[in-house]
Amino acid sequence: MGIKILQQSKSRKQKAEAYKLFAKASDMGNLKAMEKMADALLFGNFGMQNITAAIQLYESLAKEGSYKAQNALGFLSSCGIGMEYNQAKALIYYTFGSAGGSMISQMILGYRYLSGISVLQNCEVALSHYKKVADYIADKLEKSAGVPVEKVRLTERPENLSSNSEILDWDIYQYYKFLAERGDVQIQVSLGQLHLTGRKGLDQDYYKALYYFLKAAKAGSANAMAFIGKMYLEGNVAAPQNNATAFKYFSMAANKGNAIGLHGLGLLYFYGKGVPVSGQPLAIYYLAKMYATGTGVLRSCRTAVELYKGVCELGHWAEKFLTAYFAYKNGDIDSSLVQYALLAEMGYEVAQSNSAFILESKKAKILEKEKMYPMALLLWNRAATQGNAFARVKIGDYHYYGYGTKKDYQTAATHYSIAAKKYHSAQAMFNLAYMYEHGLGIAKDVRLARRLYDMAAQTSPDAHIPVFFALTKLETVHLFRDILFFNQFTMRWKWMKLDNTLGPYWDLFVIGLIVAVLIFLLRNRYL
């Protein structure tokens, strides 16, 4: 009766009634009801999170051979949530869970053997585990198409962007407007972005955003073309929703190799907006099968595993991305973390990033504070290995500041270099420039620092303002060093007698003159 109510219910109140029935059935020894209650206590359904009680139920169920309980105990042991952190024990639980029929355990083992987590890396074993899950998913997909679940990145939510807290000085804004009108394309794109989202204290103004983007696009800016496509895809008062126009601008940007343009085109094709849908999951499944067996193509275990992994991630368990995000939005951080952490164990890169993000905020209560940074670093590492540029920068940050590990500038610089060279990360370029400027972990090189600062500004419009101030500071510091050297030099040449020629304050006059020249040079640098 509880399951029937749960399947038919639409309101939260009705679902709560179903769990009351599960609780009664659980007290009477019904194993299915006990599994439902244990899951509710673990994931915090309806605000009833109690991990200690969940573990007690799971341990009782595991003795009865419940593969769901074995999988859950493996997950809790792996993360050290409510249980001792023990990877060996987690592996045993996952092995029993997969043998009992748990698709989640199969997927976790597939990811572990693919990545070499607590086991020797073995592509063929990973292939075996992923294939079993992919076969299960393919069977479901042949009966119904299924709906893809949006995987929200918490780091990209507007409320979590640190740059939103900074207010743009009005004088600097007026100066940027002047530069934009003079034809500075980077500034045009920056102002377009600021007006599009209403950031740094500026009001959201779609007309101004479109105005600046169009000016920059006319000058050949791929970023501007992509943002115009985004505006027409989403629709607003200045750019009414128009798939054809969105496709036009996304294509222009994509043809220049722009990531935002390529992503926009992907969205249009994925959802069939103005173009036919492509990328059928079953086609990916059969292609994986061909690479796994070498049918019609050269056999490649790695390619087969990557394709099967993509199919496996379409499973119904991906719905936890929605419930985890809603829990996060509602302030239920512990519930959100547990759900994201389970998905992270299964190899979802977005979940790994989200779990790490929540852990480093130190808002969760289900894990000791001293364990949060080390666990976050572990998850950022896993996300970075799967190609997340932001995670790669984060690893650099953790080694730079000594979060969850000892301070190591050299290792930090290594990770920033990877993010800068492989992913063209503006943040990594900026951080690396700072390290070259000060000689932290790498040989001091002011010329390379200047070059990296410039590259950061060229790569991302968001970097233009911090780069402007960083370069101003760099040039000012070196100016004063030159002045000090000059003063020491003149002290040795007493025959010049500048005091008699220019008066007792000649040095202040020279400093003022050099500062004026510097300001002139900097203005011309950005004009």
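I take contact to mean heavy atoms within 4.5 Å, and I use the word in that sense throughout these entries on a predicted model.

**Entry: H2 against H3**

With that cut-off in hand, I looked up which residues join the two helices, and I found that Tyr19, Phe22, Ala23, Ala25 and Ser26 in H2 meet Ala33, Met34, Lys36, Met37 and Ala40 in H3. Sorting the residues of this contact by class, I noted 8 nonpolar, 1 polar and 1 charged. For the geometry, I recorded that helix H2 (residues 12-27) and helix H3 (residues 31-43) pack with their axes 8 Å apart and at an angle of about 125 degrees. H2 and H3 are therefore oblique to each other, and I noted their crossing as left-handed.

**Entry: Lys36**

I then turned to Lys36, which has its place in helix H3, and asked with which residues Lys36 is in contact once its neighbours within four places in sequence are left aside. I found Leu6, Tyr19 and Phe22. For Tyr19 I also looked up the backbone, where the C-alpha atoms of Lys36 and Tyr19 are separated by 8.1 Å, although the two residues stand 17 apart along the chain. Lys36 has a relative accessibility of 31%, so I counted this residue as partly exposed.

**Entry: H10 against H11**

I next looked at helix H10 (residues 185-197) and helix H11 (residues 206-218), which pack at an angle of about 155 degrees with their axes 8 Å apart. That angle makes H10 roughly antiparallel to H11, since an angle over 145 degrees counts as such. The crossing of H10 and H11 is left-handed. On the H10 side I listed Val185, Gln188, Val189, Leu191, Gly192, Gln193, His195 and Leu196, and these meet Tyr206, Lys208, Ala209, Tyr212, Phe213, Lys215 and Ala216 in H11. By class, I entered 9 nonpolar, 4 polar and 2 charged residues for the contact of H10 with H11.

**Entry: Ser66**

Is Ser66 buried or exposed? I found Ser66 to be buried, because its relative accessible area is 8% and the cut-off for that class is under 20%. Ser66 is found in the loop between helix H4 (51-63) and helix H5 (67-79). I looked for a polar partner of its side chain and noted that a polar atom there lies 3.2 Å from the backbone nitrogen of Ala69. Setting aside the neighbours within four places in sequence, I listed Glu35 and Leu61 as the residues in contact with Ser66.

**Entry: positive phi in loops**

I also checked backbone torsions, and for Ser118 I found phi near 65 degrees, which is a positive value in a residue other than glycine. Ser118 has its place in the loop between helix H7 (103-115) and helix H8 (123-143), and at 44% relative accessibility I counted Ser118 as partly exposed. For His424, likewise not a glycine, phi is positive and near 55 degrees. The loop that holds His424 runs between helix H22 (409-423) and helix H23 (426-438), and His424 is exposed, with a relative accessible area of 52%.

**Entry: the whole chain**

Finally I looked up the totals, and I recorded 27 helices and 0 strands in the protein chain. Of its 527 residues, 45% are buried. Among the contacts in the chain with a separation of 6 or more, I noted that 52% are between residues 24 or more positions apart.

Notes: Residues are numbered from 1 along each chain as its sequence is written. This is a predicted model: local features need pLDDT of at least 70, side-chain atom pairs count only at pLDDT 80 or more; totals for chains, interfaces and linings use all residues. Side-chain values use heavy atoms; hydrogens and water are left out. Axes are lines fitted to C-alpha atoms, for helices over the stretch in contact, and angles run from 0 to 180 degrees between N-to-C directions. Helices (H or I, at least four residues) and strands (E, at least two) are DSSP runs, numbered from the N terminus. Angles under 35 degrees count as roughly parallel, over 145 as roughly antiparallel, 65 to 115 as roughly perpendicular and the rest as oblique. A crossing is left-handed if the near helix is turned anticlockwise from the far one by less than a right angle, and right-handed if clockwise. Ala, Val, Leu, Ile, Met, Phe, Trp, Tyr, Cys and Pro count as nonpolar, Asp, Glu, Lys and Arg as charged, and the others, Gly among them, as polar. Buried means under 20% relative accessible area, exposed over 50%, partly exposed in between (1.4 Å probe, protein chains only). A polar contact is a pair of N or O atoms within 3.5 Å; within protein, one must be able to donate a hydrogen and the other to accept it, and residues adjacent in sequence count only if both atoms are side-chain atoms.
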